[in-house]
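Please explain how this chain is arranged around its ligand and in its interior. A guided reading of the model, moving from one region to the next, would be welcome.

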Amino acid sequence: MKILITGGTNGMGKGVAAALAKEAEVIIVARSEERAKATVDELGPNASYVLADLARLADVRRVTEELHAQHDALDGIFVNAGLGYAAGRVETEDGMDSHFQVNYLSHFMLTLNLLDLLERSEHGGRVIFNVASFGEMDWDDLQMERTWGYERGIGQAMVAKRMLVARLHALCRARDDSRVSFVGFQIPKTVWSNQINIIPWPMRFMATVVKLFGGFISIDDCGRIMAPLFTEPHASSLRRSGKLITEKKGALVEIPDIDFVLDPAEQDRLWRVSLALSDDDATRRIADQLVDKLAS
Ligand SMILES: NC(=O)c1ccc[n+]([C@@H]2O[C@H](COP(=O)([O-])OP(=O)(O)OC[C@H]3O[C@@H](n4cnc5c(N)ncnc54)[C@H](OP(=O)(O)O)[C@@H]3O)[C@@H](O)[C@H]2O)c1
């Protein structure tokens, strides 16, 4: 199997990459060549990397072309890379809030452009989205120019990713020939990730106390919990497609999502906004083909 992991150089992505690299080929999408090389050395011969800063739409476009040139098929994508704590709002060179672009929009574009490789998977392609069941969309201030907060940014991207799971599921299930599944997974406990090294010291101190009482899991635990989502039989993955799930006492269980996320009109609004912001002909062509199929 061949799995693409965004943000595999640290945290949850690295934990999942390490678990999968024992039995599958893992390709990491990384923004730092130094960290990518170090991670691949650590993970062994099944791991490789491609470089893309997901805060740059041009990088997403280039890396999807590179992946098409290098691979005939992909068996899975872990939509994971994301910004967490930040001291202030950072605007990308594409003029967007960096949480919105890195955590959500670049993955919208990446996933759409790699759907054809997933469709060619012999195992049945799947996209697992790293999500959590919180957050709100602010349609009036999507780029958070008026009211910024890093937690708002994380939350808005979480909602957007969950809406994308539902939307892609609906679009692909409307096609007779699609075999790809889309699953939103919420890790049941906070993961001791690289975020600990980024947050201010009072927060780090609090986190360290919470860790002493078992409030965190390691990235290895995260890998153990999540890796089976990529390797389970395709029929099981298809049964979970379009849903938000988590792990409870060793079993995967569904979490009912909020009405806003499940509303096809809101999903369609986000879809159209995402296409406009991506401003990319190839992405628009793929999106149009998917939507035409739904309408026919
Ligand atoms: N930790 C948790 O408990 C938890 C719970 C639920 C969901 N999540 C979500 O899980 C995801 C990973 O979080 P984490 O806690 O594992 O954080 P982390 O340890 O900071 O890892 C984040 C990963 O994303 C990569 N990344 C960040 N910005 C990027 C960019 N512009 N281009 C390419 N890659 C970029 C990082 O690369 P570098 O190595 O170069 O920094 C790193 O590999 C996030 O989306 C987060 O919202 C986390």
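The following paragraphs take up the strands, the nonpolar core, the helices and the ligand shell in turn.

The structure is a predicted model. A suitable starting point is the pair formed by strand S1 (residues 2-6) and strand S2 (residues 25-30), which run parallel and are joined by five bridges. Within this pairing, Ile 3 has Val 26 of S2 as its bridge partner. Strand S2 is mostly covered, with five of its six residues buried.

Past S2 lies Arg 31, in the loop between S2 and helix H2 (33-43). Is Arg 31 buried or partly exposed? It has 18 C-beta neighbours inside 10 Å, and a residue needs 20 or more to be buried, so Arg 31 counts as partly exposed. Apart from neighbours within four places in sequence, Arg 31 is in contact with Ala 52, Asp 53 and Leu 54. Its C-alpha atom is separated by 8.1 Å from that of Gly 7, although the two residues are 24 residues apart along the chain.

The interior can be considered next. The largest nonpolar core has 81 residues, and those with the most contacts inside it are Ile 5, Val 16, Ala 17, Leu 20, Val 26, Ile 28 and Ile 128. Helix H4 (98-119) gives the most to this core, namely 12 residues. For Ile 128, the contacts beyond four places in sequence are Gly 76, Phe 78, Val 79, Val 183, Phe 185, Leu 229 and Phe 230.

Two helices illustrate how the chain is covered. Helix H5 (residues 150-173) has 24 residues and reaches 35 Å from its first C-alpha to its last, close to the 34 Å expected at 1.5 Å a residue. Because 17 of the 24 residues of H5 are buried, this helix is largely enclosed by the rest of the structure. Helix H1 (11-20) is mostly covered as well, with 10 of its 10 residues buried. Among the buried residues of H1 are Lys 14, Val 16, Ala 17 and Leu 20.

H1 also leads to the ligand. Which residues come nearest to the ligand? Of the 28 residues around it, these are Gly 7, Gly 11, Gly 82, Ser 193 and Asn 194. The elements that give two or more residues to this shell are H1, H4 and strand S7 (190-191). The largest share, three residues, comes from H1. By character, the shell divides into 10 nonpolar, 15 polar and three charged residues.

A further link to H1 is made by Ile 219, a residue of helix H7 (residues 219-231). Ile 219 has 21 C-beta neighbours inside 10 Å and therefore counts as buried. Leaving aside neighbours within four places in sequence, Ile 219 is in contact with Gly 11, Met 12, Lys 14, Gly 15, Val 191 and Ser 193. Ile 219 and Gly 11 are 208 residues apart in sequence, yet their C-alpha atoms are 5.9 Å apart in space. Two of the contacts of Ile 219, Gly 11 and Ser 193, belong to the residues that come nearest to the ligand.

The last feature in this account is a hairpin. Strand S9 (residues 244-248) and strand S10 (residues 251-254) pair in the antiparallel sense over four bridges. Ile 245 stands opposite Glu 254 in S10. Two residues lie between the strands of this hairpin, in which Lys 249 takes a positive phi near 50°.

Terms used: Residues numbered from 1 in each chain as written. Predicted model: local features only at pLDDT ≥ 70, side-chain atom pairs only at ≥ 80, totals over all residues. Near = placed C-beta within 6 Å. Nonpolar A, V, L, I, M, F, W, Y, C, P; charged D, E, K, R; others polar. Core = buried A, V, L, I, M, F, W, Y, C linked by C-beta atoms within 7 Å. Buried ≥ 20, exposed ≤ 12 C-beta atoms within 10 Å, placed from the backbone. Contact = placed C-beta atoms within 7 Å. Pairing = 2+ DSSP bridges. Expected span 1.5 Å × (residues − 1).
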